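Work through the following exercises with the sequence and the model side by side. Each one sets a task and then solves it step by step.

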Amino acid sequence: MADIVDTAIAAGSFSTLVTAVKAAGLVDTLKGSGPFTVFAPTDDAFKKLPAGTLDAVLADKAKLTAILTYHVVAGKVMAADVAGLNGKTATTVQGGGLAIDTTHGVKVGAATVSKADIACSNGVIHVIDTVLIPV
């Protein structure tokens, strides 16, 4: 079984995320033992950002790192674990909180989980439709 980074590369729909992870210097971390839960925005999710936002963030390593670590929760949280967490908040590696809403599918913050439970050797990936920006 592949780790989180290799799984994201192989999927083919996370090239922008992989580029950002490399730019932030987080590859070794996300290849580490973990476990990690990653809410992974697709390339289409990155396309929803306002024009120029991605380029600006890629040029600011501190801000990029904060945004990327806001998509990661320590531990391996599977979809079944989230069922009873409606209204709760998940603490991200960045330190901020993501509100969990399970009333209609699963939402974390402003993002909807479109595919859950992509198992990796060091955690799990949940695909989301929106890039999460810490407040």
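**Exercise 1. Place strand β1 among its neighbours.**

Solution. Begin with β1 and β2, which run antiparallel and are joined by three bridges, where strands are DSSP runs of E of at least two residues, helices are runs of H or I of at least four, and both are numbered from the N terminus. Two strands are taken to pair if DSSP finds at least two bridges between them. Within this pairing, Phe-36 has Ala-74 of β2 as its bridge partner. Next turn to β7, which runs parallel to β1 and is joined to it by six bridges; here Phe-36 stands opposite Gly-123.

Before going further, note that this is a predicted model, in which local features need pLDDT of at least 70 and side-chain atom pairs count only at pLDDT 80 or more, while totals for chains, interfaces and linings use all residues. Residues are numbered from 1 along each chain as its sequence is written, and side-chain values use heavy atoms, with hydrogens and water left out.

**Exercise 2. Decide which way the side chains of β1 point, and how covered they are.**

Solution. In a regular strand the side chains alternate between the two faces of the sheet. In β1, Phe-36, Val-38 and Ala-40 point one way, whereas Thr-37, Phe-39 and Pro-41 point the other way. Six of the six residues of β1 are buried, buried meaning under 20% relative accessible area, exposed over 50%, and partly exposed in between, with a 1.4 Å probe and protein chains only.

**Exercise 3. Follow the chain from β5 to β7 through its hairpins.**

Solution. Start with β5 (residues 107-108) and β6 (residues 111-120), which pair in the antiparallel sense over two bridges, with Lys-107 standing opposite Thr-112. These strands form a hairpin with two residues between them, and Gly-109 in the turn has a positive phi of about 60°. Continue to β7 (residues 123-128), which runs antiparallel to β6 and is joined to it by five bridges. Cys-120 has Gly-123 of β7 as its bridge partner, and β6 and β7 likewise form a hairpin with two residues between them.

**Exercise 4. Describe the buried sides of α2 and α6.**

Solution. In α2, the buried residues are Thr-16, Leu-17, Val-18, Ala-20, Val-21 and Ala-24, and they pack against elements including α1, α3, β1 and α6. Gly-25, which follows α2, has a positive phi near 75°. In α6, Leu-64, Ile-67, Leu-68 and Thr-69 are buried, and the buried residues of this helix pack against α2, α5 and β2.

**Exercise 5. Find the salt bridges and trace how they connect.**

Solution. A salt bridge is counted where a side-chain nitrogen of Lys or Arg lies within 4 Å of a carboxyl oxygen of Asp or Glu, and by this rule the count comes to three. One joins Asp-3 and Lys-31 at 2.9 Å, N to O, linking the segment before α1 to the loop between α3 and β1 across 28 residues. Asp-3 is buried, with a relative accessible area of 11%, whereas Lys-31 is partly exposed at 35%. Lys-31 also forms a salt bridge with Asp-6, the closest N and O atoms being 3.0 Å apart, and Asp-6 lies in helix α1, 25 residues from Lys-31. The remaining pair is Asp-44 and Lys-47, whose side chains meet at 3.7 Å, N to O; these residues are three apart in helix α4 and therefore separated by about one helical turn, and both are exposed. Salt bridges that share partners join Asp-3, Asp-6 and Lys-31 into one network.

**Exercise 6. Characterise the linings of the cavity and of the largest pocket.**

Solution. On a 1 Å grid over the protein atoms alone, a cavity is a set of points where a 1.4 Å probe fits but cannot get out, and a pocket is an open set with protein on both sides within 12 Å along at least five of seven lines, with lining residues having an atom within 4 Å of a point. The structure holds one cavity of 30 Å³ or more, and its lining includes Ala-20, Phe-46, Leu-64 and His-71. The elements that give two or more residues to this lining are α5 and α6. The largest pocket is lined by 17 residues, of which Val-21, Leu-26, Leu-30, Val-38 and Val-72 lie nearest its centre.

Terms used
Grid points are joined across faces, edges and corners, and a volume is the space filled by probe spheres set on the points. Contact means heavy atoms within 4.5 Å.
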